Amino acid sequence: MDRTITYKEASEDISGIITKTGWKYYAVLTLMAVSAVSFLFLPWAYQIYSGQGVTGLNAPVFWGLYLVNFIYWVGIAHAGTLISAMLYITQTPWRRAIARGAETMTFFALFLVSLFIFVHMGRPWNFYWTMPYPNQRQIWTNFTSPITFDVFAIGTYTTSSIVFLFFGMIPDLASLSHTATGWRKRLYTALSFGWRGTDRQWHLQAKACMFFGAFIMPLVVSVHSVVSWDFALSVVPGYAKTVFAPYFVTGALLSGFAGVLLMLSIMREAYPVMKKYVTAYHYDKVTIFVVVLSLIWSYLTLMEVVTGLYANTSQEIEHLKYKLAISPFSYLFALMIFSNSVLPLLYIFKKLRNSFFGRFIIPVFVLIGMWLERFLIVPNSLSRKFLPWMWHDYSPTWVEYSIPIGALFFFISMFMVFIKVFPIIAIFEVKEDIGIPMRKSH
Amino acid sequence: MAGFLERITERWKVYREPGFFKKLDHKWTMVIDLDKCNGCGACVLACYAENNLPVVGKDECAMSRAFSWLRIERYIDGEYPDVKVKFIPVMCQHCSKAPCETGCPVYATYHNQDGLNVQVYNRCVGTFTCATYCPYDVRRFNWRSYKFEQPLDHQLNPDVTVREMGVMEKCTFCIQRIRAAKDKAKDEGRTVQDGEVLPACVQSCPTGAMIFGDLLDPNSKAAKLAKSPRRYRLLEELNADPSVIYLKRVMKEGPSKHG
Amino acid sequence: MKRRDFLKILGVGGVGTGLGYFFGKASKPPAAELIPYLIPPVDVIPGVANWYPSLCTQCSAGCGIHVRVMEGRAKKIEGNPLHPINKGKLCARGQASLQVLYNPDRIKKPLKRRGDRGKGDFEEITWEEGLSLLSKNLTALSEKGETEKLYFVSSQTRGSLNSIINNFMASYGSPNYMQYELIQNKNLLFANHVSMGLNNIPHYDIANTKYLLSFGADFGTTWLSPVNYSFAYGQMRQGEDGIRGKFVQIEPRLSLTGANADEWVPAKPGTEGVLALAIAYAIVEDGYYKGSDAASWKALLSEYSPKDAAVVTEIAEGRIREIAKEFGQTRPSLAIGGENLARYENGMSGIVAVNILNHLAGNIGIRGGVIPNSNGSRTIDFKNNINALATAASASKVKTLLVYNTNPVFTTPKAMKTEESLRNIPFIASFSSFMDETTAMADLILPAHTSLEDWGDDFADPSVGHPVVTIMQPAVSPFFNTVGIGDIILSLAKGIGGKVKDKMQWNDFSDYLKDAWKANYSKDKDMLASALTFDEFWNQLLARGGWWPADQAKVKSVAVSPKGIEAHIAKASSRFEGDEKGFPLYLTTYAHSSYLDGRGANLPWLQEIPDPMTSVVWGNWIELNPKTASNMGIKEGDTVSVESPFGKINAHVYLYPGIRPDTVSMPIGQGHSTYGRYAKGRGSNPIDILPFKEDPNTGELALNVTRVKISRVISSEKMVKIEGSTKELGRNIVQTISPDEFNKMNKEVS
């Protein structure tokens, strides 16, 4: 980034993102919110009222699009944490401008994760039964169930992500509270918890962030491993694969990085001022990660298929046939390979990294490809289980299409509200990045 | 500290005792002679009648949401005129190492003292995990609030709950009949006799292909048949240890002398 | 908040809750809140089930049932474990008869036609009005001296209902009581009569036979006494003696029963009779027949040498001789001729051929063979068939028609014009509980009880070697405003008055039944020998569900002789309508395992459980060999029009390798134009496109008698089947062992 920015300029630029809001922004936000209600909440209410029967789920295919989106958003949630936590610990400098955005993405992605769990459940009003709490009947949750693992993994992940996000934000909130007025001032003052910028406070903040960074880092690996065990711990052909934990984690990071790239690119277009802080340098670094992850992912995908072929049982072969050789899934599989294995390799060309193609098109394809990966695993494997008599295809209904789309709108509208309340770029961290001569001139 | 650990390990030893979890009051088993079964479907209807299974109609059937807890699978080998048709009734296999039981986060499905894999409807939150894990595809879900058209609701069996929307269900080996027999035996101060419990499908089976009994009672008909050299269990390679034992169909191998 | 406000809110809230509670209460009927039976009626203990023995009337097998009744409502039907026919077992149709009782489409009150006939426009009337309307009509008829113009058509009734109707018709002065339903086995009865001198169906002892040769008998689902035969089949396969009987099925389309056979012989449709005679010839020629009249048999069968038959039937000569050898040498063996064989144009002679086989192998009268039944003799009126009614109606010789429990409009071919001839009848009264196609033509509907609400009895035919009589008693009180059929007839007799009333002096049908049994009791030495008074005997009868003395003297049949049956032997294979070029495919029809002749189609359970051979639900289909289909470019699930020279219907295609490539097959039972919400407008009825062909001797309608052509049509309706794939893919799902291995295994065990 441009190291000739002054502290003042940085503060004003970033708080400007919060305070300067045009009518266009409101219009888009309203549109998004209305879409979220009509695509997500109304169909969901309809589904709760009439039951899961409004979906296309059926006797062998009990896990459909909702579970696909659940895993998908867990994956998206991963890059945020990786960028901020892992790179925080290693003190990688290029993370600073993009870390807050990525963390925010994690937070809302995790929000959607829990939303999809509720949407997926037959009786969501009883969700709290999945948590262990003392009760007079002495019923505990089943600790052997991967679903219980999920509850803990995602619960822990969400809590620590929120804390990490919040701890990192305290200095910024304090600095914002100086200039803000009205409810914002009250909010920032309250949330900054009396931050005055003393040495001791900086010291503690850094320590806390380091602690949570270190705490979250293994979670990145474990959460998606646990999610993959939802499948890997079953006996279903196509699910029961030992490669699933690394496969899912890699895929999650790949989609997460693509998500971060896309989000930053969109924000840069929406707020040209951000171009000062998120520069070609950042694209350079993130895209290299994408290339590496894509290569690992390709290897693991190959392994997934090859182990199935090597097993050479009727179950595995029929499952692979269904996935690889029968339309429309063969096309989807080809599209998945194209977007996840072929396209990201183009980042090898330096010129592409910061082009429109590299900033928008490739991330979108990777996001689609990763979604397809989950789709080709979750409902597809169930369509070809052990007893051929019960084989049945799955075709999602409009409700199942509508709710994920609405969830995306909901994600965007929450994000847009967040941007208007909290700094999407860490002010103090950006300032740390500013060249020494410029620091004085505020 | 050491004393504490000792106390703990001492207490755990009770559970570590080999076979502790296999100590069952009964081990209900169904033996199905595939050489007798002719695939007529009487058992399927008996199950509908006994267990208040809803009739879902053509559209839902097309989505593979028919409620049959018990189904008869039919496999056809070969081309005309060398056609071989095989029938096999498949219901919940009540696996002793049930894949579904590990999946449920809330213990809505668990193994009881009778060796049955039971489903607690009220506890079910509907995560579908059990049904996904089940290799036999025998679990059925209440996709909607199914209605029994008036006055067909008069036929509902009062011994069996009508399940509400959003819960998973499956074959129970007619647990209500097992309960009734156990209660009666208890009232009379004896144990349940062989042949006293007949699930609806077994009771109705016209060819007498299905036998039900307690595997722990060595004199029961089921226990004797379970030792037949024709015995096998469905998808045994998965090691789910099912309680349903099939007796092999007697059938010529290779092409038959048709035509 | 002030304390005062808090109290206010609390108060208002409290009152609101209370009011809500009371409104909620008031809007519900009080009975819904109370436990009924504070003082319960006799026999009712809430939560405790009563089991009433009774009779299943879903087909003519006459199985004994137990009806589970709780708090006055029937809950489940199971087989009566004491009953010798079904031994505690029960088929799907029998168990589903609960839904006959609680069917939402039942006719709940007497109805009178308001609009045009056949339009289904009826108005509700009271029983008094309905009965007086009918008895006035009958009185008027008898005043005009046209009592013979009263026709009564019912399903096959046996026992007291049969006798009370006969009584009524006789005292009224009409000879025209006829019994008709689609499946009444008249060809079988006639063939057994002419070849063995039997007046009823013998007991085919499948359980103890060691070689079963079945000519299209689908005894696992629909033929004669399916539950009895299914049990016997289980015994034959894995009986106590450890010797597994062999089972060979001869039919063009593999039925459920055929699917269980060890060998399937797909003879060309219509040639099974010839095949049977060829086997018979081979038995005689190869010396397996030990009788003294072998020469005359050989002379009689000389036209049917296996070599010639091989050309006609498309079954190799060696195969025929092999069957002859196995059939002739295995002791005991048994040949049976089922509906598929009996419903060809010359079906009766096919059954005669089967009887010849049994005679030649010496299977008649032995254990594991054909055992004649002593169960009294049935008087079967072969002449008084449904076509006689249609002809009389067309000639305006029918003034009033009474219909009970039969649906000729649905089960006769359109070519017979039953519906048109019924329109000629000035007055039709139906006693059906359902708006079937024939009842829709009625002017007056007096809905009779269903079998779970009514009294009755039944003499099983075929029986099991000794008489089996089953008592039908009301398991529940009438659910709707209906009256038992016997009581309707008695009320009619009272309404008509005069000599009819004098001859029918019973208070109600249960009295009639009891009187009939008093007569049986005093006549029968077995009953008297039981040393019970009649009342004790009667109570025992009701408690056990019937009467079946196992130790009755065996009866003997007349030996099948070459002379006696010469006239009834088929001269050639059965003919099919339609020329081979225009109509390339043989159509065979069969009674569906759930709907039978169409009567089960209104029961949601039967619609929902998948067909055993195709897994199709809620509709019907046409079975086509995959080779034929691919030649024609037809895929599974396509809709095709099935056209015979006599009509055209649409059906969905199901690809079934178990059918000859030159044959298509359709189940009977769907295609109702009325008959309630579950049956109406579902699929099509193959009987519609059949020609009208009846056996000259028996009047039985031929069902496998035409060729068809099929072509694809566009339709929005879909065929729904339950199966995903029928390929096992080497997954060892249904494991098998070979018969040799099995025999070895048995020796090791014992």
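Contact means heavy atoms within 4.5 Å. The model shown in these views is predicted.

**View 1. Surroundings of A:Tyr394 in the loop between α13 (356-383) and α14 (398-421) of chain A.** Setting aside neighbours within four places in sequence, A:Tyr394 is in contact with A:Gly56, A:Leu57, A:Asn58, A:Val61, A:Gly64, A:Leu65, A:Phe375, A:Pro379, A:Ser383 and A:Glu400. Two of these partners also appear in polar pairings of the tyrosine side chain. The backbone nitrogen of A:Leu65 is reached by the side chain of A:Tyr394 at 3.0 Å, and the side chain of A:Glu400 makes a polar contact of 2.5 Å with that of A:Tyr394. The relative accessible area of A:Tyr394 is 8%, so the residue counts as buried, the limit being under 20%. As a reference distance within chain A, the C-alpha atom of A:Tyr394 is separated by 40 Å from that of A:Phe164, a residue 230 positions away along the chain.

**View 2. The interface of chain B with chain A.** Contacts across this boundary involve 47 residues of chain B and 49 residues of chain A. The two chains bury about 3900 Å² between them, with 60% of that area on carbon and sulfur atoms. The count of salt bridges between chain B and chain A is two. A salt bridge links A:Lys385 to B:Asp137, with 2.9 Å between the closest N and O atoms. Polar contacts between chain B and chain A number 29 residue pairs, both members being at pLDDT 80 or more. On the side of chain B that touches chain A, at least two residues each come from β2 (71-77), α4 (99-103), α5 (129-133) and β6 (140-141) of chain B. Strand β2(B) gives the most to this side, with five residues. By class, the side of chain B that touches chain A comprises 26 nonpolar, nine polar and twelve charged residues.

**View 3. Chain B, shown as a whole for orientation.** Chain B contains eight helices and eleven strands. Its C-alpha atoms fill a box of roughly 80 × 50 × 40 Å along the principal axes. Of the 259 residues in chain B, 64% are buried. Among contacts in chain B with a separation of 6 or more, 65% are between residues 24 or more positions apart. Chain B exposes about 10000 Å², and carbon and sulfur atoms supply 56% of this area.

**View 4. The interface of chain C with chain B.** Here 89 residues of chain C are in contact with 71 residues of chain B. The size of an interface is often given as the accessible area lost when the parts come together. For chain C and chain B, the buried area is about 7000 Å², and carbon and sulfur atoms give 58% of it. The salt bridges between these chains number eight. The side chains of B:Asp35 and C:Arg244 form a salt bridge, with an N to O distance of 2.6 Å. In addition, 36 residue pairs between chain C and chain B are in polar contact, both residues being at pLDDT 80 or more. Helix α7 (residues 226-238) of chain C provides the largest share of the side of chain C that touches chain B, namely eight residues. That side of chain C divides into 44 nonpolar, 21 polar and 24 charged residues.

**View 5. C:Thr614 in the loop between α24 (604-608) and β21 (616-617) of chain C.** The side chain of C:Thr614 is in polar contact with the side chain of C:Asp611 at 2.8 Å. Beyond its neighbours within four places in sequence, C:Thr614 is in contact with B:Arg74 of chain B, and with C:Trp621, C:Glu623, C:Tyr654, C:Lys721 and C:Glu723 of chain C. The relative accessibility of C:Thr614 is 0%, and the residue is therefore classed as buried.

**View 6. C:Thr726 in the loop between β27 (720-721) and β28 (736-737) of chain C.** Apart from neighbours within four places in sequence, C:Thr726 is in contact with A:Trp389 of chain A, with B:Arg74, B:Tyr75 and B:Ile76 of chain B, and with C:Tyr654 of chain C. C:Thr726 counts as buried because its relative accessible area is 14%. B:Arg74 and C:Tyr654 also appear among the contacts of C:Thr614.

Key. Residues numbered from 1 in each chain as written. Chains lettered and ligands numbered in written order. Predicted model: local features only at pLDDT ≥ 70, side-chain atom pairs only at ≥ 80, totals over all residues. Heavy atoms only, no water. Buried area = accessible area lost by both parts, 1.4 Å probe. Salt bridge = Lys/Arg side-chain N within 4 Å of Asp/Glu carboxyl O. Polar contact = N/O pair within 3.5 Å; in protein donor to acceptor, adjacent residues only side chain to side chain. Helix = DSSP H or I, 4+ residues; strand = E, 2+ residues; numbered from the N terminus. Nonpolar A, V, L, I, M, F, W, Y, C, P; charged D, E, K, R; others polar. Buried < 20%, exposed > 50% of the residue type's maximum accessible area, 1.4 Å probe, protein only. Areas by Shrake-Rupley, 256 points an atom, 1.4 Å probe, with all protein chains shown as cover.
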